[in-house]
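Q: Got a minute to walk me through this one? I'd like to know how the parts fit together.

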2 protein chains.
Amino acid sequence: MKDQNSLQEAFRQVAYPVIGHGKSNLQILMDSLKDMDGNIVSDRYGKGQVIEEFQEKIADYLGKETAVFFPSGTMAQQIALRIWCDERGINKVAYHPLCHLEIHEQDGLKELHKIETLLLADENRIIQLEDVCGIKGDVACLLLELPQRELGGKSPDFHTLELISKYCLEKGIKLHLDGARLFEALPYYQKSASEICALFDSVYVSFYKGIGGIAGAILAGDNLFTEKSKIWKRRYGGDLISLYPYIVSANYYFNQRINKMTTYYEGAKELAAQINNCPLVNTEPSQPVSNMFHIYFGEPREIIEPILVEVYEATGVGITGNLIDKNGKCCCEVWIGDRYEHIPKEKLEAAFQMLGEKLQEYTFL
Amino acid sequence: MKDQNSLQEAFRQVAYPVIGHGKSNLQILMDSLKDMDGNIVSDRYGKGQVIEEFQEKIADYLGKETAVFFPSGTMAQQIALRIWCDERGINKVAYHPLCHLEIHEQDGLKELHKIETLLLADENRIIQLEDVCGIKGDVACLLLELPQRELGGKSPDFHTLELISKYCLEKGIKLHLDGARLFEALPYYQKSASEICALFDSVYVSFYKGIGGIAGAILAGDNLFTEKSKIWKRRYGGDLISLYPYIVSANYYFNQRINKMTTYYEGAKELAAQINNCPLVNTEPSQPVSNMFHIYFGEPREIIEPILVEVYEATGVGITGNLIDKNGKCCCEVWIGDRYEHIPKEKLEAAFQMLGEKLQEYTFL
């Protein structure tokens, strides 16, 4: 039986990987510098044209007063929640159990700030208005992740967002947007970023997911908020003498891809439909609401991996290099970037035809 | 009377600035990439050849078991002190009142970790053995900055370091090296980095001072220590998906400049001697022990600035763009890099001759 490494290896060999923009290598940085003037002065501890212009550009795009560039979203979001806790004098925030801060940050929020957390909704569904209205006791801030990565990018509809925002405003609960993939969700909402961000007190966005930069984040809000965030950025050691390698690349790929989010979204819907046509497999959400979704296979990883390897090797189309065990079955994440549109349609059809047949055969064993 | 901005402007215009390696601009990054293969795979959350090889290289250079690349020294050092506090079960560390953590980090150590600090020695002198032996009560860790930037790079002699290290070992006090400019101090000690680092439990070094990279730091120690530091690095949001822009440039300039530290040191001694020949001015230390020193002028900034501007404009040699008020007089920092050796000796002599004459004239007014 083929093991996990053989799936990774087979995925690495395919001519047509469906995920992402391309290989993650030094060329990403080189490309973003190729037309830059070497005489442009480095940013210095948050000052200088290269950082200030980008911060203003993204603040405008998000419809917020000011914005601060951070090395990472982890740092930016912990700081946002800390500021709101201090402002409200309440040491507790609410978010989803699959929030990045809860599962991917080694409990930084709790270890560094002693902030308590209230978990809303559960691991199978996103936060809805009822969850927010049901909050008992005081919380300083509610964090909403939009779209929610760990649930395949599921997102509340815009009207729900408006109601949650209104409720939080009435109750004095600050509303923070984890917009790691906000750009990718805009085509679904058919709203501008600023229309969505207007519902939130503070917003974080990322530049290495749909945008495809190297790393880095923006935290945006009103002046008072962002000025406080700069003090915390220094406390964290995030106020690097120069952040321009991340800023230049963020700007380059933002310009290149911000208008391609609809293409990625349409690609995700098309691909999900093809997958949902196969037996023993379905996507979550069944119709994507961003450029991403999860695939759930109805059998364990040990069954699915060799089937995928066979499909990859026969058709040159690869869906994932990494299956995750889940409840005795398995799943994976798919996100659509530049690569998908360049795959010949007949190649995709052949791959999903074969995948469907292989899974069908398996159901008859 | 010329103001501060006119000094900055005059310094910006000189043909021969004595400080540093060169202009801080995007070319620094571009140069470090020019011979790199674009196919080199990005590091990913601390894994991958590009980060692992550099970490191993610097661990070897420092004579430590392992090393971890951090976005900043601020982050690396707070984490080092936190780890030692946790290990000792003591919530207090000792360092100098002009320690970076005390004056440049918005109290990050105290705000994020509630760690108490004991200040040793005073703002006019470095920490000596007696200060360490005089510590009352328990401290988890002593931080020594070597050379001490805010005191013009002054450093204890090697024998004193050995005695402090021995004392700390006996008392169970962990010894951490703030080696932001350690490379620059090696020619004075006539020791290898590993001979000095052997006296310390943990070591931080920087890649954008004497090395002249863009940003980034290494924290080194034994495996147990560095593994813990990786967990904290994630908590801080310093475990970026990719750090390679800083690593590639750190490695490039490390290779280029690590063997030039003696040249910089000799330059600093030569320049300091010329300055000390002028009236109304002296350097601290009087003979540099690294590539840096401070200049203390015996008159207020308002007096000295127009004199410097005149010298810069007449001779094309610039010493500083930034005078700092101090006790009714003024001072500045000088550090020697690549630029100094390319200044024609007669230009330097003319500049210091004129500076001497101008200061002399002033004493007769």
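A: Here is a quick tour of the chains, a helix pair and the domains.

Q: What should I know before we start?
A: This is a predicted model: local features need pLDDT of at least 70, side-chain atom pairs count only at pLDDT 80 or more, and totals for chains, interfaces and linings use all residues. Residues are numbered from 1 along each chain as its sequence is written, while chains are lettered from A and ligands numbered from 1 in the order in which they are written.

Q: What rotation superposes chain B on chain A?
A: A rotation of 180 degrees, with 0.0 Å of shift along its axis and an RMSD of 0.0 Å. The two copies are thus related as by a two-fold rotation axis. The fit is by least squares on the C-alpha atoms of residues with pLDDT of at least 70 in both copies.

Q: Which C-alpha of chain B is nearest the axis?
A: That of B:Leu112, 2.6 Å from the axis.

Q: How many residues does each chain put into the contact?
A: Chain B gives 38 and chain A gives 38. Two residues are in contact if their C-beta atoms, placed from the backbone, lie within 7 Å.

Q: Which helix of chain B gives the most to that side?
A: Helix 2 of chain B, with 4 residues. Helices here are DSSP runs of H or I with at least four residues, and strands are E runs of at least two, numbered from the N terminus.

Q: And what classes of residue are on that side of chain B?
A: 19 nonpolar, 14 polar and 5 charged. Ala, Val, Leu, Ile, Met, Phe, Trp, Tyr, Cys and Pro count as nonpolar, Asp, Glu, Lys and Arg as charged, and the others, Gly among them, as polar.

Q: New topic. At what angle do helix 3 and helix 12 of chain B pack?
A: About 40 degrees, with their axes 10 Å apart. Axes are lines fitted to C-alpha atoms, for helices over the stretch in contact, and angles run from 0 to 180 degrees between N-to-C directions.

Q: Which residues meet there?
A: B:Val50, B:Ile51 and B:Phe54 in helix 3 meet residues of helix 12, including B:Tyr244 and B:Ile247. The contact has 7 nonpolar residues, 1 polar and no charged.

Q: Last one: how is chain A divided?
A: Into domain 1 (4-23 + 260-364) and domain 2 (43-241). The bounds come from an automatic or database domain assignment. Their C-alpha centres lie 31 Å apart.
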